[in-house]
Amino acid sequence: MPPLSLRRLHISPRTFQYACRVPSARFYARSRGQPPPDDEDDDGINWYEQDSLAPGAKRRRLSGNPQVEEANELRRKIRELEDELGKDRSSRAVDPAMAEVEKEMLNDLSDSERQFIQETARKQKEEEHRLTEGVEVDWKLPQADVPTMKRLNASLRAAAIANTDPEKRKSLWRWYSRCKQSVRHLGQMLPDRAWEVLWTTQSIESPTNPDRAAHMKALLEDMVAAGRTLAPAQRLAYLEAVFLEGQRDKALELWHKEAGSDIGRTPEYLELGVRMHALSGRLDEAQHRLEVLLDKHRTWDPRIILPVLNAHNERSNFHQAWALYLHLRNRLSSDMSMTDYDTVTLSFLAAGRKDLALAAFRDMMLCGKSATKDPKSKEFQALYQMSLERMGAIQSLSVDASEVNSVSLEALTFLPRPFQNKFFYASWLKKLIGMGELDAASRVVELMYERGVNPDPKHVNGLIGAWLRTGHALYKERAEQMAWSMIQERLDFAWRRRNKKEGGESRTKVSVHQTEDGIPIPKFLQRPLPPATIETFSILALHYLRRGMYEHVTHLKKTLREAEIPVNSYFMNHVLYAELRRRGPADAWKKFENYTRNSEPKVAPDLETFACLWECEKRYVDKSKTSVQRGFPTPRFLFGRMVEWHSQLSSKDKARTRDYLTSEMYDQIMDCFCLDRDLAGCLITMHALKFRFGAYPDENIARKLVLLIARLPFIEGDTPKKRRRISADVQHKRNVAKVTLVLEMLVNRRREAAAERGVDMDTLDDLDRAGENLSLFSELVMVVLERSTPQDERVEDIVQAAASVMGVEGIPIDDSLYNPSYGYFSKQVVIFTPGEPFDFSTIRDEPEFHRLLGERYTAFEDALDEKEFNETRQLWHTPTELFRPYYGEAIARYLVTNYKLSLFPYHDLLIYEMGAGNGTLMLNILDYIRATDPEVYARTKFRVIEISSSLASLQAQQLHRTAHSRGHADKVDIVNRSIFDWNTYISSPCFFLALEVFDNFAHDAIRYDPFTEQPLQGTALIDAHGDFYEFYSNDLDPVAARFLRVRDAACAGPYNHPLRGPRLLRHLRARMPLAGNLTEPEYIPTRLMQFFDVLAKYFPAHRLVTSDFHSLPDAVRGVNAPVVQTRYKRRTVPVSTPLVQQGYFDILFPTDFNVMEDIYRAVTGKLTRVLSHEDFLKRWAYVEDTQTRSGENPLLSWYKNASVIITV
């Protein structure tokens, strides 16, 4: 066997390189404590070489290791590269594009402003340098510990600059703890400045630092172990930390040991001893140390008495506690604050000594009176506010409600005169009502009258409502007496005002006792009360409605007119409920129409109004209630009225309405459609409620749908008995079982489809699960409609007819593109993938590239046809696919450079991509970052927001297709949701990619009157035959109207518009024969503006990177008009109208980047820069990779009609 040789001839280059770079076990050991030797040579080893492995080959002994020279040279080059990399990181080379932007911004400023900014930046850098100087750990560690130590140094720098930032504090402790576990002798390596930063950050007292005591204890022990001398304050902090961590006996023992040291004579030492002994229950020792402290240090804050006072109260030593209170009051005198009195009073109340608490409370009031004479002074205002808070604190203690209130009420009798105003009393009155202490609340009202303070109507209304809610006869009598007295006061006020206006007593004085049917009205109270408001009437109306006293409600309604108080929705709702229960739905509907359409002023309904109307609707459509079958609209019509009302609300009111729509009201609406056996209405209702109110169906809705579908074959019974017979019928039970089975099959099929996309249905969050329920129930309804609809009718026509009646006219363009059932991107679209990347260096010129691309297109589609032949397959491509991976790498360079320029290392690299197609761009970006910058890759997160379920599934498959791509799995999240349904707030800085998606956003068609210049909005209507009709109305929806306002306000320069040009010429053209009465249409990007709203609301720290077409050929007529096209037999077929069958046409709009930039800035408040597609790629792509042999570059020459906008 030939002798072993270490000649490089006998090992592979990769193995040799590894041997040179990776330290040996001995070197690893030396690196933890000793410097490494100059080389790897060892005198105990003899080195040989021989010419070959043949037996008998000659061996020669060498004088030394033949690889030493080569290995040393390699190490030298590695050190040079590391030094160069370190300099590059420290200098943080500025991106040329960013430098140019900053230069332009500085040039726009005046000389003084520029100098001020530069001087501020210089001072900031100097301050940061001063704070971080000497804070980093100088280390020489094994390769495995390098990343952890780098993170520690980065955290030390960040914490040194912002030592109060909670996130910086947590990050520093996390990396310090990790380094302490992996790096031996870390304490000896930390410089003084590092210890200072650690101590400063971890010892901060703040609610955001809940582990302060544990961290201080561990840190101080580490400092002692490292041989550091603790400062006196740190030694005391250690004692406190040990005590707070539960080791009380040990802390007290250590405290006594410090008695003879230098800190044993300081007041801080004595104060800590008082607190620890008091909390430990050693009252004699605490009392002794307290006396020593206050005797030796007479200027020390006497509030140290409070913990000892609390300890005595806890052990029922009330005499000592009261003596300590007197001592505290004498020591503080006029400096005793409301907080001090508050602490004492609560301490006595908690101990059950109401008398002592009352005495302390009186002291507070009397001292406040003597100390604050001027109601306008700051001292008075502080006392006033603290008194309010004091009452709230006593009430919230929950010792014994009656005792607390008696203390507080008795204390109110001693209230200083400047406090005698209705707002002070009303605050306490509100708290008492909330506690249910109504007798105490009435005593407060009496006290107000005794002090000459007139209560406000809303405060008395609150007491009346509380009395009525109890149901107690005595309370109800009081409430009615007080309410009718207030109503009479309002009638008298209105009578006096009318007489004064008409110049005499020409009208008869009205009394609440003047009733047509002799309704008994309670007698008045003798005490004068404030006049009634609409709230008073509403409270009484609700009370009489619940008791079935409908005549009283009618009398209230008549009295309200005499009182000259306009009706509001709250009172109207009570009247509607009374009409429903007294006469029926038809009369309730008449009242509703009268209040909202005919009265002056008209009453605006609210959500509770429609809750009442849906209750009427439920009685109306119930076939078993034959007496109420006329005079009320259908569920579809009522839903349309609700949609009409909702569309007129402000954005704030719409958001509030979303919160108030309850599941009970949702069920009631669905009950009406189910009782009316309207499956199409159920489908539209579920989607409309989700769109308008953000409400989703639950399992209860599934049960209603199953029962409805099972009942469809039966003739609905017109009595409860007949309906019960249907429920008990054997066939009905079989139908329920069949429908349930179909529903389960749909659930299983959807689960399997989700699993193929890599989605576990059991792990969905609440919102995603609700969306899944909506899709599931919609699919169930569509299955039933398709099977039950006659052959001469179309399901789509039935659904559209229902949508039209229910106020959801037409179908928006984004529904044609993204609808999960028939949308273009959901069902028809296929994204072209060219296979292996093109080798541009071997391609002669652009015509050859075009030919090769056509060949791959044909091969790709041939392969698809082998699986399933389709003449209408919609196939399209993107620059990401054509120029893979070079296009994605250009985007990645931009992201990494700007991330390292402004966010690294304080934030992770968080990337969002909307509309990721095949997922190619995502993989190209992640591949590039992983290969070129592992440190950044470790902090990278990529999240895809994809509306199309099929594309989301394809992206998940791409991610798990190969071992290379599966390595990114923990970095990627795919969210199958529309960006317009996004409701998660992302506070972290992030990059938001939106490439080639704006062209498919929905636009609104607007035409203008050429003479008045009034805008009119287009609407598409689909009739029963599936034909499209377009009409225009001057009633703009809120989104379109807002876009026009924002554009007019935000756009500084001129923009393309149908009304541009001389007005006279426009008028002459409009008067020509056969000329239209409106201008040509303008397509405004309302959906794009809503996308900017989402970015501003949920992604406030985003940076947008987007690319799209600024012009398109073969567009339809109009300004900013789209290209509408489809593919048939592998040919692209453009059409001349956007009114096309949903799902089979791609609709692409050009983007006016000048207008879009101004609107984006107005909505988000961020600055932007617009570049051509070519300019952007010249900056960030390695253009040599896509250059052909002729020098032509398809990456730059293609997509000349595209632009890029970035947030700066």
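User: How many disulfides does the structure hold, and what makes a pair of cysteines count as one?

Analyst: This is a predicted model, and the structure holds zero disulfides. A pair counts when the two cysteine sulfur atoms lie within 2.5 Å. For Cys672, the nearest cysteine sulfur is that of Cys674, at 9.3 Å, and Cys672 is in no disulfide.

User: Why is Cys672 called buried?

Analyst: Buried means under 20% relative accessible area. Cys672 has a relative accessibility of 0%, so Cys672 counts as buried. Cys1051 is judged against the cut-off too: its relative accessibility is 12%, and therefore Cys1051 counts as buried.

User: What makes strand 5 an enclosed strand?

Analyst: Strand 5 covers residues 909-914, and six of its six residues are buried, so the strand is largely enclosed by the rest of the structure. In a regular strand, side chains alternate between the two faces of the sheet. On one side of strand 5 are Leu909, Ile911 and Glu913, on the other Leu910, Tyr912 and Met914, and all of these are buried. Both faces of strand 5 are thus covered.

User: How do you know that strand 5 pairs with strand 6 and with strand 8?

Analyst: Two strands pair if at least two bridges are found between them. Strand 5 and strand 6 (residues 940-946) are joined by six bridges and run parallel. With strand 8 (residues 990-995), strand 5 shares three bridges, also in the parallel sense. Tyr912 has a part in each pairing: Arg943 stands opposite Tyr912 in strand 6, and Phe992 is the bridge partner of Tyr912 in strand 8.

User: How do you know that Asp999 has no salt bridge?

Analyst: A salt bridge needs a side-chain nitrogen of Lys or Arg within 4 Å of a carboxyl oxygen of Asp or Glu. The nearest side chain of opposite charge to Asp999 is that of Arg1087, 13 Å away, and Asp999 has no salt bridge although it is buried. Asp999 sits in the loop between strand 8 and strand 9 (1004-1008). Beyond its neighbours within four places in sequence, Asp999 is in contact with Asp1108, Phe1109, Ile1147, Leu1148 and Phe1149.

User: Why are strand 11 and strand 12 called edge strands?

Analyst: The sheet is open and has four strands in the order 11-10-9-12, with antiparallel pairing. Strand 11 (1028-1033) and strand 12 (1082-1084) each have a single partner strand, so one side of each is left without a neighbour in the sheet. Neighbouring strands here are turned by 40° against each other on average, direction ignored.

User: What makes strand 9 and strand 10 a pair, and which helix packs on the sheet?

Analyst: Strand 9 and strand 10 (residues 1015-1022) run antiparallel and are joined by three bridges; the cut-off is at least two. One partnership is that of Ile1006 with Gln1017 in strand 10. Helix 48 (residues 1038-1050) packs on the sheet and touches strand 9, strand 10 and strand 12. The direction of helix 48 makes about 95° with that of strand 12.

User: Why is Leu198 called buried, and which residues is it in contact with?

Analyst: The relative accessible area of Leu198 is 1%, so Leu198 is buried. Leu198 belongs to helix 9 (residues 192-202). Leaving aside its neighbours within four places in sequence, Leu198 is in contact with Leu156, Leu172, Tyr176, Leu190 and Leu219. Its C-alpha atom is 7.9 Å from that of Trp173, a residue 25 places away along the chain.

User: What makes the bonds before Pro885 and Pro905 cis?

Analyst: Most peptide bonds are trans. The bond from Arg884 to Pro885 is cis, with omega near 0°, and the bond joining Phe904 and Pro905 is cis with omega about 5°. Pro885 lies in the loop between helix 42 (879-882) and helix 43 (886-902). Pro905 is in the loop between helix 43 and strand 5.

User: Which value of phi does Glu564 have, and why is Glu564 called partly exposed?

Analyst: Glu564 has a positive phi of about 60° although it is not a glycine. Its relative accessible area is 31%, so Glu564 counts as partly exposed. Glu564 lies in the loop between helix 26 (550-562) and helix 27 (569-582).

User: Why is Asp1114 called exposed?

Analyst: Exposed means over 50%. Asp1114 has 57% relative accessibility and therefore counts as exposed. Asp1114 also has a positive phi, near 60°, and is in the loop between strand 13 (1102-1109) and strand 14 (1123-1128).

Conventions:
Residues numbered from 1 in each chain as written. Predicted model: local features only at pLDDT ≥ 70, side-chain atom pairs only at ≥ 80, totals over all residues. Heavy atoms only, no water. Buried < 20%, exposed > 50% of the residue type's maximum accessible area, 1.4 Å probe, protein only. Helix = DSSP H or I, 4+ residues; strand = E, 2+ residues; numbered from the N terminus. Lys, Arg positive; Asp, Glu negative; His and termini not counted. Contact = heavy atoms within 4.5 Å. Axes fitted to C-alpha atoms, helices over the stretch in contact; angles between N-to-C directions.
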